[in-house]
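Hi everyone, thanks for making time this morning. I'd like to walk you through a fold, one piece after another, so please have the picture open while I talk.

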Amino acid sequence: MAITADRLVATIDELALAQRPVMIHVSLRSFGEPIEGGADAVLDALLSRGCTVLVPSFTEPQFGVIPPTTMRPARNGIDYAALPDEAAARPEVAAPYTVDCGVINPGMGVLPTRLIARGAVRRGQHPLNSFAAVGPQAAELVDTQTPTNVYGPVRALADTNGAILLIGVGLNRMTALHLAEQDSGRQLPIRWARAADDRVIMVETGSCSEGFPRLEPWLQPLARTARVVGSRWSVYPAKETLAAAVDAMTADQSVTHCADADCLTCRDSVAGGPIGPALLG
């Protein structure tokens, strides 16, 4: 039998999410049964309980460009020697990102794709790692994001009693933990995009997240859980979760290194991230 909207709403209430901003990461496959209305039903269930729904709506690599040789900081998680020639940084067909472009990386999943298609969506200004939201606090969250403040919406979520909801996914999908990396003293990885005036600019993005499940001993005590058929729902209070992650990383930066000992992104992030003059611009 299909999962009904009433079942979704009951679980939202069980997890005390009503009237709160919620950053959501979801695997629809995790339910093991169809949902009446699909991803839109999950969105509608949260909105019906007064939630504001925040999602990552990234457009990397769609709007990324190859960096000029003068804009390549060291310790940045990239083997620059493996990049194509710099001339490829200015393809004639490339256009700058805009909040109404309607583009999203398909890897974000079905629910973010459906969310940005809604007429009332509010989307951030970051050209590669935008966030999007719908609901009563959408502008309050998303308008904090700029090309030089990628995780403004996550900080705003934490400051407004927000929650992070993982539906059928693990900590490696918790995008908010990249803000904890930054707050623990790391410089975020730098990538490149085209500004509205056609300049190539440097912007901060997230690092490798495959090691984030190693934070579970610090974060799991904060979680509330429920189950909808085969899908495990875990809710984390954003402010407390970020603080716990910062404490863990500050004590041992290597705690977030993924299982790949040769991961260049993890190696450079754990070491502190990019170094060099004028990292953003």
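**A walk through the sheet and its helices**

Let's start in the middle, with strand β2. Both of its faces are covered: Thr52, Leu54 and Pro56 lie on one side, Val53 and Val55 on the other, and all of them are buried. In numbers, 5 of the 5 residues of β2 are buried. Please keep in mind as we go that this is a predicted model. As a quick reminder, side chains in a regular strand alternate between the two faces of the sheet.

So who sits beside β2? On one flank there is β1, which runs parallel to β2 and is joined to it by 3 bridges. If you want a pair to click on, proline 21 has threonine 52 in β2 as its bridge partner. β4 also pairs with β2, this time in the antiparallel sense, over 4 bridges. There, valine 55 finds its bridge partner in alanine 132 of β4.

β4 covers residues 131–134, and its side chains split by direction: Phe131 and Ala133 point one way, Ala132 and Val134 the other, and all are buried. β4 has another antiparallel pairing, with β3, over 2 bridges. In that pairing, arginine 122 stands opposite alanine 133 of β4.

Now let's go back to β1, residues 21–26. β1 also runs parallel to β5, residues 163–167, and 5 bridges join the two. Histidine 25 is a handy landmark here, with leucine 166 in β5 as its bridge partner.

Let's put the strands together. What order do they take in the sheet? It is β3-β4-β2-β1-β5-β9-β8, an open sheet of 7 strands with mixed pairing. β3 (122–123) and β8 (224–228) each have a single partner strand, so they stand at the edges, with one side of each left without a neighbour in the sheet. Helix α1 packs on this sheet, touching β8 and β9 (231–237), and its direction makes about 165° with that of β8. Helix α8 packs on the sheet as well; it touches β5 and β9, and its direction makes about 80° with that of β9.

**Helix against helix**

A word on vocabulary: two packed helices are described by the angle between their axes and the distance between the axes.

Take α1 (residues 5–14) and α2 (residues 38–48). They pack at an angle of about 50°, with their axes 9 Å apart. That angle is why the two helices are called oblique to each other. α1 passes α2 in a right-handed crossing. Which residues of the two helices meet? From α1 they are Leu8, Val9 and Ile12, and from α2 they are Ala41, Val42, Ala45, Leu46 and Ser48. Sorted by type, the residues of this contact are 7 nonpolar, 1 polar and no charged.

α2 has a good number of buried positions: Ala39, Asp40, Ala41, Val42, Leu43, Ala45 and Leu46. What covers these buried residues of α2 includes α1, β1, β2 (52–56), α3 (110–116) and β5. Just after α2, glycine 50 takes a positive phi of about 80°.

The second helix pair is α5 (residues 152–159) with α8 (residues 238–251), packed at an angle of about 115° with axes 7 Å apart. Val154, Leu157 and Ala158 of α5 make this contact with Ala238, Lys239 and Leu242 of α8. Here the residues divide into 5 nonpolar, no polar and 1 charged. α5 is mostly covered, with 6 of its 8 residues buried; those are Gly152, Pro153, Val154, Ala156, Leu157 and Ala158. After α5 comes asparagine 161, with a positive phi near 60°.

**Two residues to look at**

First, is histidine 178 buried or exposed? Histidine 178 lies in helix α6, residues 177–183. Its relative accessibility is 7%, and the cut-off for buried is under 20%, so histidine 178 counts as buried. Leaving aside residues up to four places away in sequence, histidine 178 touches Tyr151, Leu188, Gly206, Ser207, Cys208, Ser209 and Phe212.

Then there is threonine 98, in the loop between β2 and α3. Threonine 98 counts as partly exposed because its relative accessibility is 37%. From leucine 43, threonine 98 is 55 residues away in sequence and 24 Å away in space, C-alpha to C-alpha.

That's the tour. Thanks for listening, and I'm happy to go back to any part of the picture.

Key: Residues numbered from 1 in each chain as written. Predicted model: local features only at pLDDT ≥ 70, side-chain atom pairs only at ≥ 80, totals over all residues. Heavy atoms only, no water. Axes fitted to C-alpha atoms, helices over the stretch in contact; angles between N-to-C directions. Parallel < 35°, antiparallel > 145°, perpendicular 65-115°, else oblique. Left-handed = near helix turned anticlockwise from the far one by under 90°. Contact = heavy atoms within 4.5 Å. Nonpolar A, V, L, I, M, F, W, Y, C, P; charged D, E, K, R; others polar. Buried < 20%, exposed > 50% of the residue type's maximum accessible area, 1.4 Å probe, protein only. Pairing = 2+ DSSP bridges.
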